[in-house]
Amino acid sequence: MTVVNFHLVSSLTPSEVLTVLTDFSPARSAAWPTIDAEHFEVHGTGEGWAEVTEGTAAAWERARYEWEPGGDTVTIRTLDSKLFGPGGGWIFRLTPEGDGTRVDVQLAREPATLKGKLLASLLPVAAPSSLRKSFAGPLKARS
């Protein structure tokens with residue numbers, strides 16, 4: 001399993017970051033550059049959880065999101081993926097920092113295909129900067 005850790009600092013409060021991460025309305029695909037409307041489907045939601053498929057034709061994933069309302073952590077477990085197998089996922093930890101939030105991110109990937117294995121080997125080098133860039137807009141990250 002490949003694991004990558006990085007962080008960014010958002011101008012949003014922790015509760016606002018939590019709201020952005022757990023908003024599964026139709027506006028999600030407009031807010032996140034890595035999600036298109038054709039590959040966004042909400043399978044179910046409840047208090048503190050959601051199961052969704054999201055991504056693009058090139059890289060989609062079905063995942064279960066879990067969080068405590070008002071909490072400081074969002075955990076995303078990969079159930080299925082075009083490039084990676086079940087297991088792995090994301091952990092977002094939110095810590096107040098100044099008038100914003102430090103967002104610590106852990107990405108874990110379990111490659112299921114040859115292409116997935118090749119991509120996973122590149123994650124430690126390419127993922128931190130490219131993911132910071134893709135999260136900057138929705139999470140209002142400071143440069």
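Colleague: Which residues of α3 are buried?

Modeller: Happy to walk through that. Keep in mind that this is a predicted model. In α3, the buried residues are G116, A120, L123, A127, P128, L131, S134 and F135.

Colleague: And what do the buried residues of α3 pack against?

Modeller: Three strands: β1 (2–10), β6 (89–97) and β7 (100–109).

Colleague: Where in helix α3 does the kink lie?

Modeller: Look at L123, within residues 114–136 of α3: the kink there is about 65°, and the proline P124 follows shortly after. L123 is also one of the buried residues of this helix.

Colleague: Let's turn to S29 in helix α2 (residues 28–31). Why does S29 count as buried?

Modeller: Buried means under 20% relative accessible area. S29 has 18% relative accessibility, so S29 counts as buried. Setting aside neighbours within four places in sequence, its contacts are I35, D36 and A37.

Colleague: Now for pockets. What is the volume of the largest pocket?

Modeller: The general idea is that rolling a probe the size of a water molecule over the atoms shows where empty space is left. Here, the largest pocket has a volume of about 770 Å³. Its lining counts 29 residues, and those closest to the centre are T34, A59, W90, R109 and L131. L131 also appears among the buried residues of α3.

Colleague: Which element gives the largest share of that lining?

Modeller: That is α3, with 9 residues. Elements that each supply at least two lining residues include β3 (49–55), β4 (60–67) and β5 (73–81). By class, the lining has 19 nonpolar, 6 polar and 4 charged residues.

Terms used
Residues are numbered from 1 along each chain as its sequence is written. This is a predicted model: local features need pLDDT of at least 70, side-chain atom pairs count only at pLDDT 80 or more; totals for chains, interfaces and linings use all residues. Side-chain values use heavy atoms; hydrogens and water are left out. The bend at a residue is the angle between axes fitted to the seven residues ending there and the seven starting there. Helices (H or I, at least four residues) and strands (E, at least two) are DSSP runs, numbered from the N terminus. Buried means under 20% relative accessible area, exposed over 50%, partly exposed in between (1.4 Å probe, protein chains only). Contact means heavy atoms within 4.5 Å. On a 1 Å grid over the protein atoms alone, a cavity is a set of points where a 1.4 Å probe fits but cannot get out, and a pocket is an open set with protein on both sides within 12 Å along at least five of seven lines; lining residues have an atom within 4 Å of a point. Grid points are joined across faces, edges and corners, and a volume is the space filled by probe spheres set on the points. Ala, Val, Leu, Ile, Met, Phe, Trp, Tyr, Cys and Pro count as nonpolar, Asp, Glu, Lys and Arg as charged, and the others, Gly among them, as polar.
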